[in-house]
Amino acid sequence: MMLPNYKEARKRVKNKYNTINYKIDKKFINNYTGKTYYIKTYGCQMNEHDSENISAMIEELGFKKVDDYNNADLVLLNTCSIRENAHNKAFGMLGRLKHLKETINKDLIIGLCGCMAQEEGVVDEILKDYKFVNFVFGTHNLHELPTIIDKAIKEEKQVIEVYSKEGDLVEGIPVKRDKDYKAYVNIIYGCDKFCTYCIVPYTRGGQRSRKKEDIIEEVKQLVADGYKEVTLLGQNVNAYGKDLYKDYGLGELLEDVSKTNIERVRFMTSHPWDFTDNMIDVIAKYKNIMPSIHLPIQSGSNKILKLMGRRYTQESYLDLFNKIKEKIPNVSISTDIIVGFPNETEEDFRKTLEVVEYCKFDNAFTFIYSPRENTPAAKLKDIVTQEEKEERLQRLNTIVNKYFLEKNKKLVGKEVLVLTEGVSDKKNMYYGYTDTNKLINFTGKNISRGDIVTVKIDDAKTWSLDGHVK
Ligand code: SAH
Ligand code: SF4
Ligand code: F3S
């Protein structure tokens with residue numbers, strides 16, 4: 001048994017990892033043919049992509065995917081720790097699975113992985129009160145999944161294998177991609193920023209970049225397989241290369257990925273602190289790098305930004321924002337905002353509103369601050385009430401929504417390029433995303449999933465556009 005340990009998770013050792021290749025022990029292959037699995041994913045794109053790897057590994061064992069957990073022999077929850085409600089959702093699901101195991105399917109195998117598995121408190125709780133959970137593994141040993149599942153099925157007692165240190169970077173893990181026209185590509189794992197509210201540096205470990213050759217090779221293969229779009233993933237993609245190379249960062253990588261001639265390149269998430277002029281120039285220069293940047297501000301108050309450990313000020317954020325707007329024509333900028341950080345005053349909050357009024361973001365994900373186990377911010381005393389926080393969130397949302405609509409309305413009558421995703425159930429219209437990452441429903445004829453089409457915009461809503469193919 002290996003349990004998570006925050007002290008270990010906090011340590012950072014520079015350049016102490018190797019790249020190794022994934023290998024499955026032949027004795028596991030197709031060992032469980034005839035069995036079924038269900039996987040539920042919470043959290044960010046990195047977790048979604050991990051689930052694509054996990055699915056492929058489980059299928060190597062012979063399991064077949066089902067869409068209803070009631071019909072599964074094995075259920076795996078790939079969890080997220082970022083806020084309390086992500087936690088609650090996963091524990092709620094565990095409650096339902098417990099019931100299923102007690103009543104209908106007593107042989108059900110239940111596993112938990114992802115970020116919550118890296119939390120000391122969660123694993124303590126599972127050991128104590130969730131004995132029906134068969135196995136737990138963390139974010140650093142995804143590649144050991146075949147061994148872990150095999151052990152969990154054969155052994156009576158709980159299998160808990162969570163490493164707190166990141167270990168080697170593993171290449172060549174098989175992948176069962178959800179989509180056949182757009183794909184996630186990891187470029188950097190972990191995070192060394194340690195924003196004071198955030199649990200990710202503890203659950204995902206130290207910052208580790210993949211070798212540029214491995215990334216380019218993966219993208220080239222995706223192009224050969226007919227993929228139209230890649231999203232380069234990392235908690236802070238702007239730090240790409242810093243741990244590996246002297247003169248090769250995200251700007252250079254974007255340039256090389258663009259040259260594979262994949263039709264669309266996206267990347268996320270960008271920390272404003274590491275955003276270089278070279279990156280902006282490269283995004284502006286290459287047509288297949290999408291003019292869409294996610295640039296989380298979190299707060300507009302310098303006092304709060306400092307307490308958050310974000311390493312920029314309102315002024316430097318706005319300088320960067322203006323520079324990006326100036327250099328990249330038609331760029332869309334989206335953001336993340338936290339309200340109710342400990343002791344955020346009305347005046348601090350107004351500074352956030354001030355920035356929102358100025359930036360008129362194309363999209364914004366807004367959250368109430370949620371204290372996370374073991375993070376520095378969770379130790380701060382807080383006098384702001386939950387009601388006040390909720391009221392601030394509502395005020396903020398009213399303003400951000402106003403600007404989404406205003407921005408979208410400006411697009412009416414314009415033509416945009418859209419990557420078609422399919423036909424929406426509700427509207428019986430095609431849907432897809434514009435180059436600036438806006439959702440659009442549209443009419444047209446003989447269009448297939450993955451086609452990039454020119455759409456004229458007829459109508460604007462707060463969260464989507466309507467149009468028709470020219
Ligand atoms: N690496 C990205 C953020 C990833 S987490 C970045 O630094 O920009 C996604 C978003 O969740 C964050 O941008 C933040 O707005 C929000 N978030 C993270 N921790 C949170 C917490 N403890 N409470 C509320 N929101 C949080
Ligand atoms: Fe969390 Fe900050 Fe790292 Fe983003 S940059 S993952 S908010 S610690
Ligand atoms: Fe959640 Fe972990 Fe992603 S905490 S947001 S799943 S990195």
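In the predicted model, 15 residues surround ligand 1, and Gln235, Pro296, Gln298, Asp336 and Ser370 come nearest (near: a heavy atom within 4 Å of the molecule). By class, this shell has 7 nonpolar, 4 polar and 4 charged residues (nonpolar: Ala, Val, Leu, Ile, Met, Phe, Trp, Tyr, Cys and Pro; charged: Asp, Glu, Lys and Arg; polar: the others, Gly among them). Strand E15 (332-339) and strand E16 (363-368) each supply at least two shell residues (strands: DSSP runs of at least two residues, numbered from the N terminus). Ligand 1 lies between domain 2 (181-290) and domain 3 (292-409), because both give residues to its shell; the domain bounds come from an automatic or database assignment.

Polar contacts (pairs of N or O atoms within 3.5 Å) involve two arginines and a serine. A polar side-chain atom of Arg83 sits 3.0 Å from an oxygen atom of ligand 1. For Arg310, the corresponding distance to a ligand 1 oxygen is 3.1 Å. Ser370 places a backbone N or O atom 2.8 Å from a ligand 1 nitrogen. The protein covers 91% of the 540 Å² of accessible area that ligand 1 has on its own (Shrake-Rupley method, 1.4 Å probe).

Thr231 is located in strand E12 (residues 229-233). Thr231 counts as buried because its relative accessibility is 10% (buried: under 20%, 1.4 Å probe, protein chains only). Beyond residues up to four places away in sequence, Thr231 touches Ala183, Tyr184, Val185, Arg266, Phe267 and Met268 (contact: heavy atoms within 4.5 Å).

Residues are numbered from 1 along each chain as its sequence is written, while chains are lettered from A and ligands numbered from 1 in written order. Local features need pLDDT of at least 70, side-chain atom pairs count only at pLDDT 80 or more, and totals for chains, interfaces and linings use all residues; side-chain values use heavy atoms, without hydrogens and water.

Conventions: Helix = DSSP H or I, 4+ residues; strand = E, 2+ residues; numbered from the N terminus. Buried < 20%, exposed > 50% of the residue type's maximum accessible area, 1.4 Å probe, protein only. Polar contact = N/O pair within 3.5 Å; in protein donor to acceptor, adjacent residues only side chain to side chain.
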